[in-house]
Amino acid sequence: LNRLKLEFISGISHEFRTTLASIIGFSETIVSDPDITESMKDEFVKVIMSEGKRLAKLINYFLDCFCWSIF
């Protein structure tokens with residue numbers, strides 16, 4: 001049981017970090033690159049929104065699993 005918990009937490013942690021890295025990376029590029037085109041900014045914003053939604057789904061999944069295991 002402990003091994004399964006560790007694998008679950010490890011998987012969730014990996015997914016959170018990957019998604020956050022993407023959000024941060026695209027955001028930093030928009031802010032720091034003065035030569036970025038408007039079309040590229042728009043594309044990056046779409047990626048950020050998509051990754052943000054993905055992160056929200058992951059958090060909800062995690063909370064659903066965690067809450068059910070408590071009760």
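These legends describe several views of one predicted model. Residues are numbered from 1 along each chain as its sequence is written, and side-chain values use heavy atoms, with hydrogens and water left out. Because this is a predicted model, local features need pLDDT of at least 70 and side-chain atom pairs count only at pLDDT 80 or more, while totals for chains, interfaces and linings use all residues.

**View 1. The whole chain, with two helices and zero strands.** Helices (H or I, at least four residues) and strands (E, at least two) are DSSP runs, numbered from the N terminus. The C-alpha atoms fill a box of roughly 50 × 20 × 10 Å along the principal axes. Buried residues make up 14% of the 71 residues, where buried means under 20% relative accessible area, exposed over 50%, and partly exposed in between (1.4 Å probe, protein chains only).

**View 2. Ser 22 in helix H1 and the residues that it touches.** Ser 22 lies in helix H1, which covers residues 2–32, and is buried, with a relative accessible area of 18%. Leaving aside residues up to four places away in sequence, Ser 22 touches Val 47 and Glu 51, a contact being heavy atoms within 4.5 Å.

**View 3. The salt bridges of Arg 54.** A salt bridge is a side-chain nitrogen of Lys or Arg within 4 Å of a carboxyl oxygen of Asp or Glu, and by this rule the count comes to four. Arg 54 forms one with Glu 15, the closest N and O atoms being 2.3 Å apart; this pair links distant parts of the chain, with Arg 54 in helix H2 and Glu 15 in helix H1, 39 residues apart. Arg 54 forms another with Glu 51, where the closest N and O atoms are 3.9 Å apart, and Glu 15, Glu 51 and Arg 54 are thereby linked in a network of salt bridges. Glu 51 counts as buried at 16% relative accessibility, whereas Arg 54 is partly exposed at 31% and Glu 15 is partly exposed at 27%.

**View 4. The salt bridge between Lys 41 and Glu 38.** Both residues lie in helix H2, three residues apart, which is about one turn of the helix, and their closest N and O atoms are 3.5 Å apart. Lys 41 is partly exposed, with a relative accessible area of 26%, while Glu 38 counts as exposed at 53%.

**View 5. Phe 66 in helix H2.** Phe 66 lies in helix H2, residues 38–70, and is partly exposed, with a relative accessible area of 44%. The C-alpha atoms of Phe 66 and Ile 23, 43 residues apart along the chain, are separated by 25 Å.
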